[in-house]
Amino acid sequence: MWLREFCQTVQTHRPLFVALHCQEVGGKNYEASMTHVDSFIKELLSSDAMKDFNRARVYLDKNYKSQEQFTALGCCYFIHESLKNIQQFDFKAKKFRKVVGKEVCSDALPSTATLEKEKFPQDYFPECKWSRKGFIRTRWALADCAFDLVNIHLFHDASNLVAWEKSPSVYSGTRQKALGFVLDRITDQRFERLPYFIFGDFNFRLDSKQVIESLCSTASMQTVRSTDTNEVDKLIFRESDNDHKVVLQLEKKLFNYINQDVFRENNGTQLLEFDRELSVFKERLHELDISFPPSYPYSEDSSQGKQYMNTRCPAWCDRILMSASAKDLLVKPENEEKSITYDNIGPSVCMGDHKPVYLYFRLNTGAGKPHANKHKCCVLQ
C-alpha cells in the first residue's frame, strides 16, 4: 500500500529529483523485520514509477547491534535520466562529485563520505534506556544551486500524563534542545553554509495542557491514583450535565477523546493554534502553510485509513521545514496551478501510524540569471 501511494505521487508530479526520508527502518520490531528492508528497496528501485530514474543513492542505518550509533534512519535519493547536472558532496574530501549509477549503502554508514550521521547523546532523553533518535545530512548541487537535505527523528512524548502537567511540556523542551543541536551542527564553520531542507519525524505535539483545556472547557476532571504508589494513573473529564458523559480519558498511553472529527474537519486546522513548538525557531526555520490533517497517530488497521488511534492526541509530527535561503529557491510561476504542493500521501488508506507528507516544488537554479533553469523536485517524509 505504501509503495503504491508513493509511486502514484511520483507519477502525478513527475519530479526530476526525489528525496525520500524514512525513520524506524525495519519498523518497531526491527530485529525481526530488518531482513525485509532490502527486498522493499529492490522493489522500489525496479518499480514502473522509478524506471526513468537512472541514478540513485540509498542510505539505510540497519546495524541495530551497534546501539551507540544506530538511528534506524533511511535516506533515498532518485535522479531522473533527463537531469544531467547533479553532484553530491564528499564531506571528507570537501568537494562535490558527479553522481553515477545506483548505490545502496547500509553496512558502513559511519565511514561513508557522502553523508554525516549523528545520534543524539543519551542524556538528551534519559527516560529511555537507549534511543534511536538522530539525524543524517547529505549535500547536493544542481547546476549552480547547492543545498543540504537533513533527515531527522526527534524524541516522542513518553507519557500523556507528563505532557499534560505544564505548558509547554517537558518533552517540548527536549525536542527544542535536540533540534537546536542539529541546526547548530549543520550551520557550523566546518563547511560552507548552504540553504537546507530538514524533513522527518519531528514528533512535534500540540500543547497538551492547553488543547485539553480547550477540548474539555465545560467538563469536570476526576483524578484516579494508583493504590500502590499514589501516582496519577488516569484523568477522566466528564460533562457537567448530560449524565456526566465522559469527554476524555487520559492515561500514560491513552488519549480517548469523544469526538475524533475535530481532528479531521477542515483538516484539523482549528487546532493549529496549539501547534507551537516551531515558534521557538521562527528566525531559523520556515514552513509552508499546513492544509492536511494531523499526521499521527493513525490506526494500523488496513481497513481504517482515516481513523486515529486512541493512544496520543493527534498532531503534526511529520514536517518539511527549510531555511529562509532554501525557501527563496522555491519557484511559483503565476500562471501555473499546483506548482508548489505541501500535502500528505494516502489520505484515505492505511500507511502505518504516521501519514507521510511531501513537498513538491520547482527549484530555481540560477536565480536572477537570464537563462535560469527550474527543475521539478519532490521531497517526501
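Asn266 is placed in the loop between strand 14 and strand 15, where helices (H or I, at least four residues) and strands (E, at least two) are DSSP runs numbered from the N terminus. Phi of Asn266 is near 50 degrees, a positive value in a residue other than glycine. Asn266 counts as exposed because its relative accessibility is 62%; buried means under 20% relative accessible area, exposed over 50%, and partly exposed in between (1.4 Å probe, protein chains only).

The model is predicted, so that local features need pLDDT of at least 70 and side-chain atom pairs count only at pLDDT 80 or more, while totals for chains, interfaces and linings use all residues. Residues are numbered from 1 along each chain as its sequence is written, and side-chain values use heavy atoms, with hydrogens and water left out.

Ala72, which is not a glycine, also has a positive phi, of about 60 degrees. Ala72 lies in the loop between strand 2 (55-60) and strand 3 (74-79), and it counts as buried because its relative accessibility is 1%.

Another positive phi belongs to a hairpin. Strand 4 (residues 86-90) and strand 5 (residues 95-98) run antiparallel and are joined by 4 bridges; two strands pair if DSSP finds at least two bridges between them. Gln88 has Arg97 of strand 5 as its bridge partner. There are 4 residues between the strands of this hairpin, and Lys94 takes a positive phi near 60 degrees.

Two peptide bonds that precede proline are cis, as the table shows.

| Cis peptide bond | Omega | Place of the proline |
|---|---|---|
| Ser167 to Pro168 | near -5 degrees | loop between helix 4 and helix 5 (170-186) |
| Tyr296 to Pro297 | near 0 degrees | loop between strand 14 and strand 15 (318-322) |

Helix 6 (residues 208-215) has buried residues at Ser208, Val211, Ile212 and Leu215. They lie on the same side of helix 6 because they cover an arc of only 100 degrees around the axis, the arc being that of the directions from the helix axis to the C-beta atoms. The cover over these buried residues includes helix 4 (160-165), strand 12 (232-239), strand 13 (246-251) and strand 14 (254-257), with contact meaning heavy atoms within 4.5 Å.

Ser208 and Ile212 also line the largest cavity, together with residues including Asp157, Arg205, Phe255 and Arg312. On a 1 Å grid over the protein atoms alone, a cavity is a set of points where a 1.4 Å probe fits but cannot get out, whereas a pocket is an open set with protein on both sides within 12 Å along at least five of seven lines; lining residues have an atom within 4 Å of a point. The largest cavity has a volume of about 110 Å³, and the count comes to 4 cavities of 30 Å³ or more. Helix 4 and helix 6 each supply at least two residues of the lining of the largest cavity.

The largest pocket has a volume of about 1,500 Å³, a volume being the space filled by probe spheres set on the grid points, which are joined across faces, edges and corners. Its lining has 47 residues, of which Gln23, Glu24, Gly27, Lys28 and Asp353 lie nearest the centre. Helix 1 (2-13), strand 1 (17-22) and helix 3 (37-45) each supply at least two residues of this lining.
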